[in-house]
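Open the model in a viewer and keep the sequence panel visible. The stops below are given as selections, each followed by what is found there.

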Amino acid sequence: VKNLKNLLNSENISRICIVTHRNADPDALASTIALSSLVAKLNSKLKIYKVFPEGIELISKNLVNELNVDLGNVLISNKDVNYNELCDLIMVVDTASASQLAFLANVIKSRNYIIVDHHDINDLVRSSLLNIYHHQASSTSEIVSLMSMSLGLSVEPKIASLLIAGILYDTRFLRVSVTDVTFEVLSWLIRLGGDYERVVSLLTRKDTPYPEKVARLKAAIRAGIYAVDNYLLTITCIGAYESSALKGMLDLGSDIA
């Protein structure tokens with residue numbers, strides 16, 4: 001984090017692009033917005049763009065609308081932008097492989113980039129200029145929260161609520177990938193004004209769109225089921241709503257999807 005702080009104050013960096021995976025889920029949304037706020041606090045002169053390839057999931061849109069979050073400078077599915085000219089530095093958030101970045105996959109192949117991520121396996125870490133990578137963290141939202149905590153910076157109540165949503169979403173409401181640090185972070189976010197009850201209400205609201213329903217059902221139809229020792233593993237193939245489809249597999253009984 002100290003290295004990141006120094007890098008962001010380099011004379012040759014004036015524009016930052018913070019990029020996350022396509023169809024951003026609540027963790028990707030929250031960590032992107034919170035990281036953008038953190039970067040702005042570290043260097044208020046920077047121009048910051050948030051890039052959401054192929055947009056954000058419906059549940060993420062609901063969070064933005066219901067929590068009245070200002071997204072600021074956002075680029076969505078804009079293939080016509082020359083990102084090599086636009087971005088002096090690219091930060092890749094909550095993304096484990098280049099394939100998740102859609103049309104931006106080719107951009108980062110020839111660029112220096114920073115990784116902020118929590119996934120168990122990350123193919124982008126090795127080639128990154130700098131990585132803040134912790135595979136034991138519950139979510140990237142947890143990592144970004146810890147970054148703010150380590151720098152002694154607070155977050156606004158709306159962003160605190162978003163970060164709570166990111167943690168709850170990726171841990172399936174604190175059922176998986178949780179450590180004592182996760183609860184410390186949640187406590188910190190609540191003290192800063194994060195609205196835990198409202199976030200739970202928004203995340204549990206049942207308004208799944210038709211295309212997402214189709215994707216979840218296709219994932220179920222195409223799933224192969226494998227017994228690995230005492231675990232049930234399902235592998236499926238899907239082209240959209242991957243996060244939702246895999247969570248559907250877990251809800252059906254898979255130990256690993």
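The tour goes through strands, a hairpin, a helix pair and two loop residues in a predicted model.

**Stop 1: strand E5**

Select residues 113-117, which make up strand E5; five of its five residues are buried. Show the side chains and look at each face in turn. Tyr 113, Ile 115 and Asp 117 lie on one side, Ile 114 and Val 116 lie on the other, and both faces are covered. In a regular strand, side chains alternate between the two faces of the sheet.

**Stop 2: the neighbours of E5**

Add residues 89-93, strand E4, which pairs with E5 in the parallel sense over four bridges. To find the register, pick Val 92: its bridge partner in E5 is Ile 115.

Now add residues 130-133, strand E6, which runs parallel to E5 and is joined to it by four bridges. Here the residue to pick is Asp 117, whose bridge partner in E6 is Tyr 133. Asp 117 is also one of the buried residues from the first stop.

**Stop 3: the E7-E8 hairpin**

Select 224-228 and 231-235. These are strands E7 and E8, paired in the antiparallel sense over five bridges. Ala 227 has Leu 232 of E8 as its bridge partner. Two residues separate the strands of this hairpin, and in the turn Asp 229 has a positive phi of about 55 degrees.

**Stop 4: helices H7 and H9**

Select 157-170 for H7 and 196-203 for H9; their axes come within 9 Å and cross at roughly 50 degrees. H7 is therefore oblique to H9. The crossing is right-handed.

Which residues of H7 and H9 make the contact? From H7 they are Ser 161, Ile 164, Ala 165, Leu 168 and Tyr 169, and from H9 they are Tyr 196, Val 199, Val 200 and Leu 203. Coloured by class, the residues of this contact divide into eight nonpolar, one polar and no charged.

**Stop 5: two loop residues with positive phi**

Follow the chain from H7 into the loop before helix H8 (180-191) and select Arg 172. Arg 172 is not a glycine, yet its phi is positive, near 55 degrees. Is Arg 172 buried or partly exposed? Its relative accessibility is 18%, so Arg 172 counts as buried.

Finish at Glu 54, in the loop between strand E2 (47-52) and helix H3 (58-66). Glu 54 is another residue other than glycine with a positive phi, here about 65 degrees. Because its relative accessibility is 38%, Glu 54 counts as partly exposed.

Definitions and conventions: Residues are numbered from 1 along each chain as its sequence is written. This is a predicted model: local features need pLDDT of at least 70, side-chain atom pairs count only at pLDDT 80 or more; totals for chains, interfaces and linings use all residues. Side-chain values use heavy atoms; hydrogens and water are left out. Axes are lines fitted to C-alpha atoms, for helices over the stretch in contact, and angles run from 0 to 180 degrees between N-to-C directions. Angles under 35 degrees count as roughly parallel, over 145 as roughly antiparallel, 65 to 115 as roughly perpendicular and the rest as oblique. A crossing is left-handed if the near helix is turned anticlockwise from the far one by less than a right angle, and right-handed if clockwise. Contact means heavy atoms within 4.5 Å. Ala, Val, Leu, Ile, Met, Phe, Trp, Tyr, Cys and Pro count as nonpolar, Asp, Glu, Lys and Arg as charged, and the others, Gly among them, as polar. Two strands pair if DSSP finds at least two bridges between them. Buried means under 20% relative accessible area, exposed over 50%, partly exposed in between (1.4 Å probe, protein chains only).
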